[in-house]
Amino acid sequence: MKTILVTGSNGLLGQKITERLLDTKQFKLIATAKGANRFPVKEGYVYAEMDILDPENVKQVVEKYQPDAIIHTAAMTNVDTCEDQQELAHKLNVEAVQTLINIAELHNIQLVHLSTDFIFDGANGPYDELAAPNPLSYYGKTKLEAEEVLKNSSCKWAILRTIIVYGIVSDMSRSNIVLWAKGALEKGSPINVVNDQWRMPTLAEDLADCCLLAVQKDAHGVYNASGKDMMSISELVGKVADYWHLDKSLIREISAETLNQTAKRPVRTGFILDKTINDLGYNPHSFEEGLAILDHQLKQRD
């Protein structure tokens with residue numbers, strides 16, 4: 001049975017991986033994050049506090065538990081914060097990856113790394129794995145730099161690129177677009193939503209499954225791991241309103257330019273998923289199916 005160490009296990013994806021691993025019992029899990037464990041179930045796996053920015057601490061934890069694979073989900077993903085705090089963004093998104101590479105090379109550990117559609121400029125999406133990157137934001141630049149560092153390393157690496165991850169866990173540190181839109185519309189709050197950016201939103205369970213498939217199949221290389229439905233952000237929010245029978249007249253469609261965001265966003269990303277479906281057996285849900293799964297989880301919580 002392989003042992004998997006997960007970084008950022010308190011995040012949405014990290015908690016979904018924990019959930020999946022406890023359900024399948026196919027792997028031993030070492031969950032790691034900064035601070036206390038936020039996952040409600042404490043049995044069936046090991047939790048170790050680990051500061052990804054402290055190379056010595058990372059080395060100690062990894063060498064203590066000797067995993068076969070590391071799934072690296074920890075990152076600074078707020079695009080505007082990365083633009084404002086570039087030094088910290090570089091440390092979290094690039095230097096931390098180098099720390100993991102050094103240890104993975106030393107102990108022959110597979111390193112599964114999460115990347116993003118924001119390495120592309122969005123001029124001609126959807127993209128396959130070989131498309132030429134051209135990031136518009138500092139966030140995108142750090143994620144691309146991390147990919148390059150991995151590709152130039154001698155460790156067994158797999159890069160999973162994803163797009164807008166949504167879902168729910170019991171203890172969330174930050175929201176996501178689906179929960180944000182649903183919450184605002186339920187309160188009767190008008191919301192501004194851009195109608196000139198296109199994405200393929202990804203259910204957190206699907207991405208967690210893809211991470212585990214990458215370990216299971218000893219994957220090496222770059223794989224696209226998003227949802228399969230392309231839509232504009234305003235369409236996405238419209239679908240959320242339709243699913244929960246909320247008032248669509250509260251949705252105000254605007255152009256991205258009027259938002260005055262610190263960082264530039266790509267217009268149309270999206271991924272061609274053929275390689276991941278064929279090589280790893282990835283099988284993502286449709287967006288409507290994802291909303292139904294989310295709805296079921298919300299009802300279980302009430």
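Good morning, everyone; I would like to start with T99, a residue that lies in helix α4, and I should say at once that what we are looking at is a predicted model. T99 has a relative accessible area of 12%, and because buried means under 20%, this threonine counts as buried. If we set aside residues up to four places away in sequence, T99 touches P55 and V58. For a sense of distance, take D128, which is 29 residues from T99 along the chain: the C-alpha atoms of these two residues are separated by 28 Å.

Let me now widen the view to the helix itself. Helix α4 covers residues 86-107, and at 1.5 Å a residue its 22 residues should span 32 Å, whereas the C-alpha atoms at its ends are 31 Å apart, so the expected and the modelled spans agree. That agreement should be read alongside a bend of about 30° in α4 at L92. L92 is also among the buried residues of this helix, a list that includes A89, H90, N93, V94, A96 and V97, and further along L100, I101, I103 and A104. What do the buried residues of α4 pack against? Their partners are the strands β1 (3-7), β4 (69-72) and β5 (110-116), together with the helices α2 (55-65), α3 (79-84) and α5 (138-151). After α4 comes N108, whose phi is positive, near 55°.

I turn next to two other buried residues, each of them in a helix. K182 is found in helix α6, residues 177-186, and this lysine counts as buried because its relative accessibility is 12%, with the cut-off set at under 20%. Leaving out residues up to four places away in sequence, K182 touches V240, W244, L246 and L298. T276, for its part, lies in helix α9, residues 274-280, and is buried with a relative accessible area of 0%. With sequence neighbours up to four places away again left out, the residues that T276 touches are E129, C210, Y223, N224, G281 and Y282.

Finally, a word on the second largest pocket, in which about 200 Å³ of space lies. Its lining consists of L136, D196, Q197, A256, E257, N260, Q261, A263, K264, R265 and V267. How many of these lining residues are nonpolar, how many polar and how many charged? The lining divides into four nonpolar, three polar and four charged residues.

That is where I will stop, and I am glad to take comments.

Technical notes:
Residues numbered from 1 in each chain as written. Predicted model: local features only at pLDDT ≥ 70, side-chain atom pairs only at ≥ 80, totals over all residues. Heavy atoms only, no water. Helix = DSSP H or I, 4+ residues; strand = E, 2+ residues; numbered from the N terminus. Expected span 1.5 Å × (residues − 1). Bend = angle between axes of the 7 residues up to and from the residue. Buried < 20%, exposed > 50% of the residue type's maximum accessible area, 1.4 Å probe, protein only. Contact = heavy atoms within 4.5 Å. 1 Å grid on protein atoms, 1.4 Å probe; cavity = no way out; pocket = protein on both sides within 12 Å on 5 of 7 lines; lining within 4 Å. Points joined across faces, edges and corners; volume = space filled by probe spheres on them. Nonpolar A, V, L, I, M, F, W, Y, C, P; charged D, E, K, R; others polar.
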